[in-house]
Amino acid sequence: MNTTRMRRRKGAPFHHSPEAVTRARENAGLTQKALAEKCGFSFQLMCDIEAGRRNANPERLRAMARVIGCSVADLQPANGVTQLDDEPPTATERKAS
């Protein structure tokens, strides 16, 4: 069986807000390691999610929200997408300028 991972296109928006994940985790009194273990993924992945290097897909978001005791929306950006500061503006953002 050939399974390939779907990778987030470089510059594509995240499903989560790294800052919101960190804030919710800290408010729950959990370390990155503890949250990762309870969610069933690696400490390195948790570090990368909070640092904005890796995407927390919907499945991971649901797992984190369940463990933290918050809603998935609490872990997402207010507008539904997050872009890194060093990314070029999207076509829509360029038109708005």
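These legends go with a set of close-up views of a predicted model.

**Overview. An all-helix chain in the order α-α-α-α-α.**
The protein chain has 5 helices and 0 strands. Of its 97 residues, 35% are buried. If you look at the contacts with a sequence separation of 6 or more, 60% of them join residues 24 or more positions apart.

**View 1. Helix H2 meets helix H3 at an angle of about 115°.**
Here H2 covers residues 32-39 and H3 covers residues 43-51, with the two axes 8 Å apart. The crossing of H2 past H3 is right-handed. On the H2 side, the contact comes from Gln32, Lys33, Leu35 and Ala36; H3 brings in Phe43, Met46, Cys47 and Glu50. Sorted by class, that makes 5 nonpolar, 1 polar and 2 charged residues.

**View 2. Two buried cysteines, Cys39 and Cys47.**
Cys39 has a relative accessible area of 14%, so it falls under the 20% cut-off for buried. Cys47 comes in at 16%, so it counts as buried too. Cys47 has already turned up in View 1, on the H3 side of the contact with H2. As for disulfides, a search of the whole structure turns up 0.

**View 3. Arg25, a buried residue of helix H1.**
Helix H1 spans residues 18-27, and Arg25 is part of it. Is Arg25 buried or exposed? Its relative accessibility is 8%, which is under 20%, so Arg25 counts as buried. The Arg25 side chain reaches the backbone oxygen of Leu30 at 2.8 Å. Setting aside residues up to four places away in sequence, Arg25 touches Leu30, Thr31, Gln32, Leu35, Glu50 and Ile68. Some of those names are familiar from View 1: Gln32 and Leu35 sit on the H2 side of the helix contact, and Glu50 on the H3 side.

**View 4. Leu61 and its surroundings in helix H4.**
Leu61 belongs to H4, which runs over residues 58-68. With a relative accessible area of just 1%, Leu61 is buried. Which residues does Leu61 contact, leaving aside neighbours within four places in sequence? They are His15, His16, Ala56, Val72, Leu75 and Gln76. For a distance to check in your viewer, try Leu61 and Asp74: they are 13 residues apart in sequence, and their C-alpha atoms are 9.8 Å apart in space.

Notes:
Residues are numbered from 1 along each chain as its sequence is written. This is a predicted model: local features need pLDDT of at least 70, side-chain atom pairs count only at pLDDT 80 or more; totals for chains, interfaces and linings use all residues. Side-chain values use heavy atoms; hydrogens and water are left out. A disulfide is a pair of cysteine sulfur atoms within 2.5 Å. Buried means under 20% relative accessible area, exposed over 50%, partly exposed in between (1.4 Å probe, protein chains only). Axes are lines fitted to C-alpha atoms, for helices over the stretch in contact, and angles run from 0 to 180 degrees between N-to-C directions. Helices (H or I, at least four residues) and strands (E, at least two) are DSSP runs, numbered from the N terminus. A crossing is left-handed if the near helix is turned anticlockwise from the far one by less than a right angle, and right-handed if clockwise. Contact means heavy atoms within 4.5 Å. Ala, Val, Leu, Ile, Met, Phe, Trp, Tyr, Cys and Pro count as nonpolar, Asp, Glu, Lys and Arg as charged, and the others, Gly among them, as polar. A polar contact is a pair of N or O atoms within 3.5 Å; within protein, one must be able to donate a hydrogen and the other to accept it, and residues adjacent in sequence count only if both atoms are side-chain atoms.
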